[in-house]
Amino acid sequence: MASLRAGPCQRPGERTLAQAKVLRETKQQIIILVNESESRWAPDGEEARALRRRAESMWNRDYFEGVVVPLLDVRPNGNALDVGTGLGSLVFLLSSVRADLSLTGVDSEVGLVEEANAAAQGLGLDRVRFEVADAASLPYEGDLFDLVMCQTLLGHVPDPTAVVEEMARIVKPGGAFFAAEWTDRALSALPVDNVLAPTVGRAAETYRLTKTYSEGRRILGRGNDEAGLRAPLYAANAGLEVVDVRYSDRLWHAIPPYAKPSEQDWVESARSWTADPVDADLSAWAAENIDAAGGTRDDVDRYVELTESAEDKRKWSDAIAAGEFGVVSTLAMILTFARKPVSHTA
Ligand SMILES: C[S@@+](CC[C@H](N)C(=O)[O-])C[C@H]1O[C@@H](n2cnc3c(N)ncnc32)[C@H](O)[C@@H]1O
């Protein structure tokens with residue numbers, strides 16, 4: 001089965017179809033931001049639309065606006081922090097719904113922070129700013145923010161428990177914690193498209209090998225692929241009251257005739273994935289992870305064969321060319337909504 005694991009911004013060798021899509025979008029945005037003059041960041045300009053599309057590709061806007069934002073229940077003119085913000089997609093999305101909030105995004109990557117600041121400036125968002133900071137040691141005093149949030153960060157840090165504790169520290173008593181994190185990458189063993197029909201045996205083998213890969217990734221401090229499932233517990237252990245746990249109602253999909261821009265992006269990513277040979281980085285990265293979890297060389301070879309199969313790529317490519325390719329992601333984001341008890345002291 002073709003790999004279809006969500007969770008962008010991992011190491012180059014960890015690229016998957018969904019990740020490649022997000023990484024490419026991110027690169028495109030950076031190129032646009034670096035090469036183009038500020039005026040192209042007019043709120044109704046092409047670049048602003050691209051950034052909004054990126055922000056909204058993770059979310060159905062009606063759900064974000066009608067369900068997520070009300071559940072966050074941030075006071076008027078309050079302040080919020082997005083940890084591991086990347087190019088600020090969650091910040092820009094929230095600011096488009098709650099223009100009254102002062103929003104800060106932090107990331108450990110200087111380049112991303114610079115580009116996010118340029119975007120905010122270009123869009124004239126004077127209540128939005130971005131700073132460089134390490135999620136495990138945030139440079140803010142305790143009890144400072146009405147909302148502290150993250151989106152697809154906890155799966156990428158060596159110690160998500162410590163990061164959530166740090167996030168909890170800087171939430172005001174009565175303030176909100178919000179995490180949107182992927183489910184569990186091994187679920188990508190389930191069928192996702194109308195082209196490949198994996199046998200039960202093959203799906204089971206993919207599941208076992210992906211679990212082994214994930215276990216090694218965790219052991220090596222490269223991240224936890226079950227961060228979404230574990231986030232509510234991290235929050236409870238950090239002294240927060242978990243108010244609700246939900247799925248996002250967004251599933252990435254592309255169904256002919258690919259009417260939505262997000263579907264066209266998806267098909268374009270699928271096309272570029274089918275054109276990619278197996279890359280040496282991917283094999284080396286997979287080998288390290290699987291080895292760390294006690295897997296064998298055969299396990300590594302089989303993992304690469306299953307997730308980067310030339311035969312699968314050819315079938316996808318033929319279906320795309322025939323306009324018959326359909327795909328629905330089997331991964332969803334798990335949303336943890338929590339609140340810091342008013343009695344809590346930092
Ligand atoms: C998958 S990306 C998500 C970006 C953004 N939240 C989004 O949804 O578009 C993960 C981000 O976490 C950042 N990151 C990873 N470890 C970090 C750390 N220890 N401190 C701050 N940011 C970190 C990465 O640089 C990357 O931008």
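Helix axes are lines fitted to C-alpha atoms over the stretch in contact, and the angle between two of them runs from 0 to 180 degrees between N-to-C directions. On this basis, helix α10 (residues 280-292) and helix α11 (residues 297-307) pack at an angle of about 135°. Their axes lie 9 Å apart. The model is a predicted one.

The angle makes α10 oblique to α11, because oblique covers the values left over once angles under 35 degrees, over 145 and from 65 to 115 are set aside. The crossing of α10 and α11 is right-handed. On the α10 side, the contact is made by Leu-282, Ser-283, Ala-286, Ala-287 and Ile-290. Asp-299, Val-300, Tyr-303 and Val-304 of α11 meet them. In this contact, seven residues are nonpolar, one is polar and one is charged.

A second helix pair was examined in the same terms. Helix α6 (residues 160-170) and helix α8 (residues 227-237) pack at about 50°. The distance between their axes is 9 Å. This angle makes α6 oblique to α8. The crossing of α6 and α8 is right-handed. Pro-160, Thr-161 and Val-164 represent α6 in the contact. Ala-227, Tyr-234, Ala-235 and Asn-237 represent α8. Five of the contact residues are nonpolar, two are polar and none is charged.

The overall composition of the chain is as follows. The protein chain has 346 residues, and 47% of them count as buried. It holds 12 helices and nine strands. Among contacts with a separation of 6 or more, 76% join residues 24 or more positions apart.

In soluble globular proteins, nonpolar side chains tend to be buried together. In this model, the largest nonpolar core has 61 residues. Ala-80, Leu-147, Val-148, Met-167 and Phe-177 touch the most other members of this core. Strand β5 (residues 171-182) gives the most to the core, with seven residues. Another core, of 11 residues, lies apart from it. Trp-266, Ala-270, Trp-273 and Phe-325 are among the residues of that core.

Met-167 also appears among the buried residues of α6. The others are Pro-160, Val-163, Val-164, Ala-168 and Ile-170. What covers these buried residues includes β1 (79-83), β4 (145-151), β5 and α8. Met-167 itself is in contact with Val-83, Val-148, Cys-150 and Phe-177, leaving aside its neighbours within four places in sequence.

Strand β5 also holds Ala-176. This residue counts as buried because it has 24 C-beta neighbours inside 10 Å, and the cut-off is 20 or more. Beyond four places in sequence, Ala-176 touches Leu-72, Asp-73, Val-74, Asp-146, Leu-147 and Arg-339. Ala-176 and Glu-241 are 65 residues apart in sequence. In space, their C-alpha atoms are 9.5 Å apart.

Val-97 has a less crowded setting by count: 15 C-beta neighbours inside 10 Å, so Val-97 counts as partly exposed. Val-97 is found in helix α4 (residues 89-97). Not counting residues up to four places away in sequence, Val-97 touches Phe-64, Glu-65 and Val-69. Val-97 and Phe-64 are 33 residues apart in sequence and 8.8 Å apart from C-alpha to C-alpha.

Several loops carry backbone features worth listing. Most residues other than glycine have a negative phi, and most peptide bonds are trans. Asp-143 has a positive phi, near 55°. Asp-143 is found in the loop between β3 (128-132) and β4. With 16 C-beta neighbours inside 10 Å, Asp-143 counts as partly exposed. Thr-152 also has a positive phi, near 45°. Thr-152 is in the loop between β4 and α6. Thr-152 has 24 C-beta neighbours inside 10 Å and therefore counts as buried. The peptide bond that joins Pro-256 and Pro-257 is cis, with an omega of about 10°. Pro-257 is placed in the loop between β7 (253-254) and α9 (261-275).

Note on methods: Residues numbered from 1 in each chain as written. Predicted model: local features only at pLDDT ≥ 70, side-chain atom pairs only at ≥ 80, totals over all residues. Core = buried A, V, L, I, M, F, W, Y, C linked by C-beta atoms within 7 Å. Buried ≥ 20, exposed ≤ 12 C-beta atoms within 10 Å, placed from the backbone. Helix = DSSP H or I, 4+ residues; strand = E, 2+ residues; numbered from the N terminus. Contact = placed C-beta atoms within 7 Å. Left-handed = near helix turned anticlockwise from the far one by under 90°. Nonpolar A, V, L, I, M, F, W, Y, C, P; charged D, E, K, R; others polar.
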